[in-house]
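Reader: I am new to this structure and would like a close look at a single part before anything else. Please take one residue, say where it sits and what surrounds it, and then go on from there to the interior.

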Amino acid sequence: MIPDHNNRDTAATPPDALHVMPVEPSLHRAMLRLRVRPAQRDRVGSMADLLADVTQCPGSEPMAIMRGDAPIGYYRIDASARSVAGRDFAQPARGLRSLFVDADWQGRGLGVRAVALLLEDLAVRHPATRLLVLTVDCDNRAATRMYQRAGFVDGGARYHGGRCGPQQLLLRALP
């Protein structure tokens, strides 16, 4: 379900419903409490760093994965896939960065659900986008499987400048 961010019908939305929304200043304090598992820290970084990085990247949209009124995850949409893949694409494309679900909420299938919600939201807010592009560490098998379950396919490119080693390009065609 995609909430209408301007006129959300809270009576029709269950209090624990999963949805996504832009990270607004009122959410910053709660967002800063989000954490990943220790083994994921090098890949994801800290929430404070992620939010600070958005201010340095024009066209970036920080997004919260929400359960009711509480954030349980985060991702960022970049206006250009070039920022993620280092190249342009034939169709209108955006980049996906930093997707994660808080450590306390991992292992419940919420990643795939969150990706489905972000795709629905992307279609509403950016209907001209035809491709979503991301990179994932080649040795991050759990994330790769999750993205594949969400419809991403191998983009056929590897990047060797990743902070945790080589990265695989994944693509998700959009209707």
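Author: R87 counts as partly exposed, because its relative accessibility is 35%, and partly exposed residues are those that fall between the 20% limit for buried and the 50% limit for exposed. The model is a predicted one, and in it R87 has its place in the loop between α4 (82-85) and β4. If its neighbours within four places in sequence are left aside, R87 is in contact with A81, R82, Y159 and L169.

β4, the strand that follows this loop, leads from R87 to the interior, for β4 (93-101) is among the elements that each supply at least two residues of the largest nonpolar core. This core has 27 residues, and the members that touch the most others are Y75, L96, V115, L118, L132, Y147 and F152. Besides β4, at least two residues each come from β1 (18-22), β2 (61-67), β3 (70-78), α5 (110-125), β5 (131-137) and α6 (141-149), and the largest share, seven residues, is that of α5. L118 shows how such contacts are spread: not counting residues up to four places away in sequence, L118 touches V20, Y75, I77, L96, L99 and L132. Apart from this core lies another, made of 15 residues, with M21, L34, M47 and L51 among them.

The aromatic rings add a further part to the picture, for the structure holds two aromatic pairs. In one of them, the rings of Y74 and F100 have their centres 6.2 Å apart and their planes at 45 degrees, and the pair is therefore tilted. This pair links distant parts of the chain, since Y74 lies in strand β3 and F100 in strand β4, 26 residues apart. Y74 has a relative accessible area of 0% and is therefore buried, while F100, at 7% relative accessibility, counts as buried too.

Y147 and F152 form an aromatic pair that is edge-to-face, with 5.4 Å from centre to centre and 70 degrees between the planes. Both residues were named above among the core members that touch the most others. Y147 is buried because its relative accessible area is 7%, and F152 is likewise buried, with a relative accessible area of 2%. R87, from which this account set out, is instead partly exposed at 35%.

How values were computed:
Residues numbered from 1 in each chain as written. Predicted model: local features only at pLDDT ≥ 70, side-chain atom pairs only at ≥ 80, totals over all residues. Heavy atoms only, no water. Core = buried A, V, L, I, M, F, W, Y, C linked by side-chain atoms within 4.5 Å. Buried < 20%, exposed > 50% of the residue type's maximum accessible area, 1.4 Å probe, protein only. Helix = DSSP H or I, 4+ residues; strand = E, 2+ residues; numbered from the N terminus. Contact = heavy atoms within 4.5 Å. Phe/Tyr/Trp six-rings, centres within 6.5 Å; stacked < 30°, edge-to-face > 60°.
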